[in-house]
Amino acid sequence: MDAVHVGVPFGPTALSEMEQLKVTKVYVMANKSSKPMVENFVKTLDEKGFLAAPINCDVSMGGVEDGLLKACNEAVSVNADCVLTIGGGAVQDAGKFVRLWLSAADGEKATVKGIQAAQNRDPMPPLPPQICCPNSFAMAELTHVAGLVTKDNVKSGAAHPSMMPTVVIFDTDLSRGLPDWVKFGTALRGVEHAIGAICHPKATSDIRTRALQGLVLVNKGLKGMVENQDSEAAQVNCYLGGWMAIRALNTGCYPSIAHLIQNHYSARFNVHQGSCSGILSARILEYHRQKSLLYQITIARALDTGNDGDQPLPHAATFVSDLVATLPGVAKDHADANVDEEMLREFAEYMYNQHGEKLNRLSPKPFCSAEDFLEMLTRPIATL
């Protein structure tokens with residue numbers, strides 16, 4: 001990664017970076033909700049002769065296979081030499097896949113298997129640059145991992161150090177008008193990333209320190225956005241804290257136990273990952289509390305902004321569930337996502353049978369059966 005710009009206008013900054021990169025055919029991908037905010041900039045690119053194709057808005061939540069493959073094929077057809085991604089995590093990840101396919105395509109149409117095979121090349125050829133302009137706090141633009149959802153609603157993806165984007169530009173204007181479930185849900189993911197790193201079995205003291213610093217900033221930013229969701233200072237706090245948290249998680253701790261569970265929950269039930277955190281994060285913390293108690297005490301202290309020290313410190317899971325309760329648009333329980341008990345039982349059996357070994361490598365407390373997993377999923381929030 002060459003540069004990260006925070007709190008600056010995306011248009012002139014992106015144009016300057018393109019000129020430095022000496023690119024000539026920029027393939028632009030954006031969320032449909034972001035398209036009206038960037039149309040003038042795309043027009044500028046066209047006038048300067050940089051635009052490779054009309055703006056692509058085919059990538060949907062989670063990076064569903066059909067829209068992703070269409071973008072890959074279109075970018076190849078116009079010989080794009082740079083990818084500009086504007087929007088949330090799905091678009092940022094899709095841009096990584098497009099770059100991977102641009103470096104691998106040899107006349108054939110893109111497939112998930114073909115894209116995933118491209119990640120295993122050794123040596124990996126240079127990928128075209130990617131300039132990311134996120135409109136939320138998902139932090140996909142700051143990782144070399146990319147996720148997608150197959151036609152069978154299964155979470156999949158690819159990863160390679162070369163897939164790390166080239167430039168990131170966070171402009172708070174791009175988040176204006178976002179629905180609450182996106183703005184607050186993606187910011188909540190910063191909390192998830194931090195606690196995932198802190199409680200990870202492979203975390204070091206340096207990783208935990210960085211994650212705790214990020215957690216403090218995200219918590220401050222979220223509370224500031226609850227008061228004024230367009231506050232530039234609050235959004236910058238969420239972004240900087242989220243950046244620190246995802247860096248901590250990606251330093252040998254990805255995925256966390258919550259990431260694994262929530263990625264599959266999201267794909268299976270079509271639930272935004274912010275709401276997955278709202279529903280599951282506190283429950284997962286509570287499940288392994290006794291095995292990660294010392295680390296959870298540090299989480300509770302980082303989230304505690306009102307205790308003068310005279311009162312007993314609540315559990316970390318309590319702080320997380322109390323924070324989630326204040327966030328507009330974020331699901332708080334399974335019923336909010338139309339997920340019932342029978343669906344949860346089937347999900348628990350699937351996760352334990354298909355991913356039990358990996359779950360137990362990542363969880364401070366192992367799951368001994370699908371019933372253990374189901375008990376964690378269904379624990380009433382009020383009892384945390």
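This passage describes the interior of a predicted model, namely its nonpolar cores, one helix and one buried glutamine. Residues are numbered from 1 along each chain as its sequence is written, and side-chain values use heavy atoms, without hydrogens or water. Local features need pLDDT of at least 70 and side-chain atom pairs pLDDT 80 or more, while totals for chains, interfaces and linings use all residues.

A good place to start is the largest nonpolar core, which has 45 residues. Such a core is a set of buried Ala, Val, Leu, Ile, Met, Phe, Trp, Tyr and Cys residues joined through side-chain atoms within 4.5 Å, where buried means under 20% relative accessible area (1.4 Å probe, protein chains only). Phe137, Leu215, Leu222, Met225, Leu285 and Ile299 have the most contacts inside this core. Its largest share, eight residues, comes from helix 6; helices are DSSP runs of H or I with at least four residues, numbered from the N terminus. A second, separate core of 29 residues includes Ala53, Val59, Ala118 and Met163.

Helix 6 itself is mostly covered, with 17 of its 19 residues buried. Its end C-alpha atoms lie 27 Å apart, which agrees with the 27 Å expected for residues 180–198, the expected span being 1.5 Å times one less than the number of residues.

Turning to single residues, Leu222 is in contact (heavy atoms within 4.5 Å) with Phe184, Ala187, Leu188 and Val191, among others, leaving aside neighbours within four places in sequence. Gln262, in helix 9 (residues 257–269), counts as buried because its relative accessibility is 0%. Not counting residues up to four places away in sequence, Gln262 touches residues including Arg189, Glu192 and Gln273.

Notes: Helix = DSSP H or I, 4+ residues; strand = E, 2+ residues; numbered from the N terminus. Buried < 20%, exposed > 50% of the residue type's maximum accessible area, 1.4 Å probe, protein only.
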